[in-house]
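Dear colleague,

Please find below the structure that I am handing over to you. My notes on it follow directly after.

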Amino acid sequence: MYVAVNAAMSVDGKLASREREQLAISGPEDFARVERLRAEYDAIMVGVGTVLADDPSLTLDDPAAHGEPPADHPTRIVADSRARTPPDARVLDETTETYVLVSEAVPTDHVDSLERAGVSILEAGTSQVDLAAALDRLEATGIDSLLVEGGGELIFSLVAAGLVDELSVFVGSMLIGGRDAPTLADGTGFTEDYPSVNLQSVSELDDGVLLEYEVDCENP
Ligand SMILES: NC(=O)C1=CN([C@@H]2O[C@H](COP(=O)(O)OP(=O)(O)OC[C@H]3O[C@@H](n4cnc5c(N)ncnc54)[C@H](O)[C@@H]3O)[C@@H](O)[C@H]2O)C=CC1
Ligand SMILES: Nc1nc(O)c(N)c(N[C@@H]2O[C@H](COP(=O)(O)O)[C@@H](O)[C@H]2O)n1
């Protein structure tokens with residue numbers, strides 16, 4: 001499966017405030033670019049931390065704007081080891097299909113309430129979602145391309161597992177600060193083998209800069 005990561009960060013590398021509240025780091029041009037990007041992928045993925053903080057819909061704002069016939073909304077995927085996604089989360093609405101990826105550590109009652117909300121549950125891994133196994137199983141359902149929008153915990157794990165092919169980062173002209181504010185790649189951090197990324201393009205957008213990288217997914 002082809003995996004792209006897209007996110008917006010401040011100049012100091014933060015994805016959100018120290019209270020994890022969503023900030024408009026992107027401007028209108030970058031949000032429009034993300035909307036076009038969504039239409040190119042079979043599925044959009046976030047971690048449950050993003051669902052709990054932002055309650056995103058992960059749908060297209062205007063499917064008809066992407067051509068005739070209108071684009072399909074991408075399938076939505078949430079990495080959520082213990083199924084903490086609230087049953088009334090926007091990502092579970094009826095607009096399109098949603099998979100919640102869980103681990104063996106998931107409480108049964110959480111699974112039951114998500115299944116009642118019409119969610120497809122996919123279990124992989126013991127305490128955390130085994131992302132490589134989960135992506136293989138999603139590929140078997142016909143999902144060949146995946147756009148990951150965050151947050152920092154999920155992005156770190158995907159890069160650490162060598163699953164990411166490309167990375168786009170919009171750097172907005174702001175500082176957020178805070179040692180506890182989420183960054184582009186959180187998790188435990190890399191130790192000796194720091195992944196290198198190959199710069200493909202730099203462009204000015206809104207009041208910031210869009211950086212596009214190829215990621216050597218064989219060499220995390
Ligand atoms: N500026 C931007 O472009 C974006 C900003 N955000 C911000 O990021 C923050 C949320 O990010 P995080 O707290 O890092 O949460 P996250 O969205 O990365 O979700 C992490 C959660 O995913 C689940 N998970 C399951 N399997 C996992 C695995 N193998 N590896 C890692 N996580 C796994 C775990 O329950 C974990 O707690 C919010 O403040 C949100 O506003 C989120 C998306 C985009
Ligand atoms: N690209 C981008 N720029 C920003 O400035 C942001 N705050 C975010 N946040 C993420 O955008 C998604 C919102 O989804 P919906 O529009 O509700 O579908 C979600 O993933 C946020 O975390 N992204």
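Ala83 counts as buried because 26 C-beta neighbours lie inside 10 Å, and the threshold for that class is 20 or more. Please note that this is a predicted model. Ala83 sits in the loop between E3 and strand E4 (98-102). Its phi is positive, at about 50°, although Ala83 is not a glycine.

Arg20 also has a positive phi, near 65°, and is likewise a residue other than glycine. Arg20 belongs to the loop between E1 and helix H1 (28-40). With 16 C-beta neighbours inside 10 Å, Arg20 is classed as partly exposed. Most residues other than glycine have a negative phi, and most peptide bonds are trans.

Two cis peptide bonds should also be mentioned. One joins Glu68 and Pro69, with omega at about 5°; Pro69 is placed in the loop between H2 and strand E3 (75-79). Another runs from Gly150 to Gly151, where omega is near -5°. Gly151 is part of the loop between E6 and H5.

Gly150 and Gly151 are also among the closest residues to ligand 1, together with Gly47, Gly49 and Ser157. In total, 29 residues surround this ligand. At least two residues of the shell come from each of strand E1 (2-9), strand E2 (43-47), helix H2 (48-54), strand E6 (145-150) and helix H5 (152-160). H2 gives the most, with five residues. By residue class, the shell around ligand 1 consists of 13 nonpolar, 10 polar and six charged residues.

With kind regards

Key:
Residues numbered from 1 in each chain as written. Chains lettered and ligands numbered in written order. Predicted model: local features only at pLDDT ≥ 70, side-chain atom pairs only at ≥ 80, totals over all residues. Near = placed C-beta within 6 Å. Helix = DSSP H or I, 4+ residues; strand = E, 2+ residues; numbered from the N terminus. Nonpolar A, V, L, I, M, F, W, Y, C, P; charged D, E, K, R; others polar. Buried ≥ 20, exposed ≤ 12 C-beta atoms within 10 Å, placed from the backbone.
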